[in-house]
Amino acid sequence: MKTVIANWKMNVGVRESVALARGTLLTLRGRKTIPDLVICPPDVALSEVRKVIARSSAKLGAQNVSWEVSGSHTGETSTRMLQEFGVTHVIIGHSERRQHLGETDEMIQKKVAHVLAEQMIPILCVGETKLERDAGQAQEIIRHQLSVALQGVRLRGGDKLFVAYEPIWAIGSGEPASVGEVVEMHRFIDSVLTQLFPDAPEGQISVLYGGSVTGENAYGLLRETEVDGVLVGGASVKLNQFKDIVGAAAEVLEAQQTA
Ligand code: PEP
C-alpha cells in the first residue's frame, strides 16, 4: 500500500479547509485503486473537515498533540480531544516545530509513546539540515533522532507507526531530495527500525518521504519499494498538484497489482 498524507499546516482557515477537503476527495474519484489518504488540517477545522470526509476512506490527522492527558496546559490539545473529532493520526516532531518552537527528541518521544498508548497512529518526522548532510552526518543525525524519539516505545499487535523522512533543506524549498538520496536514507531508516523493533511484522511500520513533493516528482519517488508513501505540505493545498500526487500513487499501486 502507498499512503499520501496532506499537511495543510497553518495555511487554510475553516471555510477554505472545507472547500479543500471536498476538492481533495475528488482527487480519489473514478480510480480503481486508491492510496490511503490522511488529511491533516489545522485543529480549528477538524470538526468541519470530519463531516466532509465522513463517508470516504480518507482519515483525519492532527499536526501536533500534547503528551499530557489533561490539566493546566494552556494552548495545548490532548489526544482525547482530537479523538472527539475523529482524529486517528498525529504528525509528531515536524521540523518546523523542532526549529521554531524548541521541540526536542525527548518531548517527541513522550508524544509518540502517548499517542500509541491512546491507540492513535503517530507520524514521526525526522530529518537533517543541509549543513549536517554536507558534513556527511545525515545518517548519524537520523539514527539519533529515531533512537531518542522511539526509546522505550513498544508496538503492540494493532499498533501502526509512520516515520516520515523529511530533510529540512527539502521542506518548502522546491529542492526535493533525489530519488537516490531518498532510497538510500529509507534503507538506512529501515535498518535502524529493524534494530529497534526486531519483532515488528511486515507493514506495521511505514517509511514516508516528505520535502517538496509535487505532481511532477511524486511518481518517481512512489514507485520505489522503499518509499511507502509521501507527506505533502505545499502541494497539498494546491489541488491541481495534489491530484497528480494521488494519481501517481494510484498508478504505482495499479502497476503493482498487474505485475
Ligand atoms: C512538510 O512540511 O511536511 C512538507 C513536506 O512540506 P513541503 O511539501 O511543502 O516541502
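## A walk around the barrel

In strand S5, the residue that bridges to His89 is Ile121. That pair is a handy place to start, and please keep in mind as we go that the model is predicted.

His89 brings us to the pairing of two strands: S4, covering residues 87-92, and S5, covering residues 121-126, run in the parallel sense and share 4 bridges. Ile91 also belongs to this part of the story, standing opposite Ile123 in S5. Strand S4 is mostly covered, with 5 of its 6 residues buried.

Now let us look to the other side of S4. Strand S3 runs parallel to S4, and 3 bridges join the two. One place to look for this pairing is Leu60, whose bridge partner in S4 is Val87. Between these strands comes a helix: S3, H3 and S4 together form a β-α-β unit, and its hand is right.

Stepping back, these strands are part of a closed barrel of 8 strands, in the order S1-S2-S3-S4-S5-S6-S7-S8, with parallel pairing. On average, neighbouring strands of this sheet are turned by 25° against each other, direction ignored.

Helices lie across these strands. Helix H2, made of residues 46-53, lies across strand S2 (36-40), S3 and S4, and runs at about 165° to S3. Helix H7, residues 138-149, lies across S5 and strand S6 (161-165), and runs at about 150° to S5.

H7 deserves a longer stop. How does its length agree with what a helix should span? With 12 residues at 1.5 Å a residue, H7 should span 16 Å, and its end C-alpha atoms are indeed 16 Å apart. The buried residues of H7 are Ala138, Ile142, Gln145, Leu146, Val148 and Ala149. As for what covers them, the list includes S5 and S6, together with the helices H4 (95-101), H5, H6 (130-134) and H8 (179-196).

H5 takes us to a polar pair. Helix H5 spans residues 105-117 and is home to Lys111. Is Lys111 buried or exposed? Its relative accessible area is 2%, so Lys111 counts as buried, the limit being under 20%. The side chain of Lys111 makes a polar contact of 2.7 Å with that of Asn64. Beyond its neighbours within four places in sequence, Lys111 is in contact with Asn64, Val65, Trp67, Ile92, Arg97 and Glu103.

Let us finish from the Asn64 end of that contact. Asn64 sits in the loop between strand S3 (59-62) and helix H3 (79-84). Asn64 has a relative accessibility of 16%, and therefore it too falls under the 20% limit and counts as buried. Besides Lys111, the side chain of Asn64 has a polar contact with that of Arg97, at 3.4 Å. Leaving out neighbours within four places in sequence, the residues in contact with Asn64 are Leu82, Val90, Ile91, Arg97, Glu103 and Lys111. Ile91 in that list is the residue we met opposite Ile123 in S5, which brings the walk back to the strand pairing where we began.

Terms used:
Residues are numbered from 1 along each chain as its sequence is written. This is a predicted model: local features need pLDDT of at least 70, side-chain atom pairs count only at pLDDT 80 or more; totals for chains, interfaces and linings use all residues. Side-chain values use heavy atoms; hydrogens and water are left out. Buried means under 20% relative accessible area, exposed over 50%, partly exposed in between (1.4 Å probe, protein chains only). A polar contact is a pair of N or O atoms within 3.5 Å; within protein, one must be able to donate a hydrogen and the other to accept it, and residues adjacent in sequence count only if both atoms are side-chain atoms. Contact means heavy atoms within 4.5 Å. Two strands pair if DSSP finds at least two bridges between them. Axes are lines fitted to C-alpha atoms, for helices over the stretch in contact, and angles run from 0 to 180 degrees between N-to-C directions. The expected span of a helix is 1.5 Å times one less than its number of residues. A crossover is right-handed if, with the strands pointing away from the viewer, the path from the first strand over the helix to the second runs clockwise.
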